[in-house]
Amino acid sequence: MHIEPGIVDSTKIALSYATAVGAIGVGLKSAWDTIKKQGPVSLIGRSAAATALVFSFFEVLPHYPVGVSEVHFILGSTLFLILGAAPAAFGLAFGLLIQGLFFAPFDLPQYGMNLTTLLVPLFGLQYLAKRIIAPDTAYVDLTYKQTFALSTAYQGGIVAWVTFWALYGSGFTAETLTGVTTFGAAYMTVILIEPLADLAVLAIAKASRNFANGGMVTDRLHNGA
C-alpha cells in the first residue's frame, strides 16, 4: 500500500496532509473512548504492541512492488480484533513512521497518503463491525463469513485509496489504469489469506482466556459489547 514516489507530485500532495489530519482526529477520538473504557495504561501497552507488530509486518513479511504501489500483509483486521481500533491505528501510524525514518526515508513525503490509506479503512472496518456483529458476540466467536467480510472491507478500502491517489496524482492514463489494475489483482492474495490469519489468531485467543488479563487486548475479544 506504499504509494510509489512521484505518483503524486508536490503541487498536489497537500491534500494528503488534510486527509491524514482528519484520520488522526478520528483516531484520537477513538483513543479517548478507549481510555475511558480500559484506562491509559492499557491503551499505551496495546499501542506499543501494535507498533512493534506493524513494523515487523512491513519489514519481515513478504512485500513486493506491484503497479502503482506495494503489496503488504498488513493484518489490519487482526490488529483490530485483538487490540482494538485505537491501538491498531496508533500501531499503523507509528510503525509506518518508524519504517520511513530509519529504513525508507524516500517514503516520508508520501506519509500522509500512506497513513490515510491505512487508517480510513480501519475506521470503516470499525463501523462495519458494529453493523454485522451482534452486541453480545465476543470476537473470538466470529464466523469465517464475518472475519472474511471485515478483512475484505479493510483490504478493499486500501485498494480504493491507492486507486484514488494514483488517479489523483497521475490522471486517467492507460499507464496509470494498468498499474492500478495490476496492483488490485495482486492484492487479491492478501484478501484471501488474511481472514485465515484472523481465524487462527482468534482460535488461539479463545483457547487462552487468561490472555485477556492485564488489559493487553480489547475487552471485546472475550466479551460482548
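1. Lys29, Asp33 and Lys36 are joined in a network of salt bridges. The model is a predicted one, and the remarks below should be read as statements about that model. In the first link of the network, the side chains of Lys29 and Asp33 form a salt bridge with an N to O distance of 2.8 Å. The side chain of Asp33 also meets that of Lys36 in a salt bridge, here at 3.8 Å, N to O. Asp33 thus takes part in the bridge to Lys29 and in the bridge to Lys36.

2. The spacing of these residues along the helix deserves a comment. Lys29 and Asp33 are about one helical turn apart, because they are 4 residues from each other in helix α1. Asp33 and Lys36 likewise belong to helix α1, where a separation of 3 residues amounts to about one turn. As to solvent exposure, Asp33 has a relative accessibility of 32% and therefore counts as partly exposed. Lys36 has a relative accessible area of 56%, over the 50% limit, so Lys36 is classed as exposed.

3. The total number of salt bridges in the model is 3. One of them joins the side chains of Asp141 and Lys206, with 2.9 Å from N to O. This pair connects distant parts of the chain, 65 residues apart: Asp141 sits in the loop between α5 and α6 (144-170), and Lys206 in helix α8 (residues 188-207). Asp141 counts as partly exposed because its relative accessibility is 36%. Lys206, with a relative accessible area of 39%, is partly exposed as well.

4. The segment after α8 contains His222. Is His222 buried or exposed? Its relative accessible area is 11%, which is under the 20% limit, so His222 is buried. A polar atom of the His222 side chain lies 2.9 Å from the backbone oxygen of Ala205.

5. The next point concerns the largest pocket. Its volume is about 550 Å³. Among the elements, α1 (14-38), α3 (76-83), α4 (85-102) and α5 (111-132) each give two or more residues to its lining. The contribution of α1 is the greatest, at 7 residues. The lining comprises 25 residues, and those nearest the centre of the pocket are Lys37, Gln126, Lys130, Tyr139 and Thr218. By class, the lining of this pocket holds 12 nonpolar, 6 polar and 7 charged residues.

6. Enclosed space should be considered separately from the pocket. How many cavities of 30 Å³ or more are counted? The count is 1. The largest cavity holds about 50 Å³ of space. Its lining consists of His2, Leu96, Leu97, Gln99, Gly100, Ala104, Asp107, Leu108, Tyr111 and Asn114. Both α4 and α5 supply at least two of the lining residues, and α4 gives the most, with 4 residues. The lining of this cavity divides into 5 nonpolar, 4 polar and 1 charged residues.

7. The largest nonpolar core has 56 residues, and within it Leu92, Leu122 and Tyr139 touch the most other members. Two or more residues of this core come from each of α1, α2, α3, α4, α5, α6, α7 (174-186) and α8. The element that gives the most to the core is α5, with 8 residues. Tyr139 therefore appears in two descriptions: as one of the core residues with the most contacts to other members, and as one of the residues nearest the centre of the largest pocket.

8. A last point concerns Ser56, which belongs to helix α2 (residues 40-59). Ser56 is classed as partly exposed because its relative accessibility is 26%, a value that lies between the limits of 20% and 50%. Along the chain, Ser56 and Asp198 are 142 residues apart, and their C-alpha atoms are separated by 17 Å.

How values were computed: Residues are numbered from 1 along each chain as its sequence is written. This is a predicted model: local features need pLDDT of at least 70, side-chain atom pairs count only at pLDDT 80 or more; totals for chains, interfaces and linings use all residues. Side-chain values use heavy atoms; hydrogens and water are left out. Buried means under 20% relative accessible area, exposed over 50%, partly exposed in between (1.4 Å probe, protein chains only). On a 1 Å grid over the protein atoms alone, a cavity is a set of points where a 1.4 Å probe fits but cannot get out, and a pocket is an open set with protein on both sides within 12 Å along at least five of seven lines; lining residues have an atom within 4 Å of a point. Grid points are joined across faces, edges and corners, and a volume is the space filled by probe spheres set on the points. Ala, Val, Leu, Ile, Met, Phe, Trp, Tyr, Cys and Pro count as nonpolar, Asp, Glu, Lys and Arg as charged, and the others, Gly among them, as polar. A salt bridge is a side-chain nitrogen of Lys or Arg within 4 Å of a carboxyl oxygen of Asp or Glu. A polar contact is a pair of N or O atoms within 3.5 Å; within protein, one must be able to donate a hydrogen and the other to accept it, and residues adjacent in sequence count only if both atoms are side-chain atoms. A nonpolar core is a set of buried Ala, Val, Leu, Ile, Met, Phe, Trp, Tyr and Cys residues joined through side-chain atoms within 4.5 Å.
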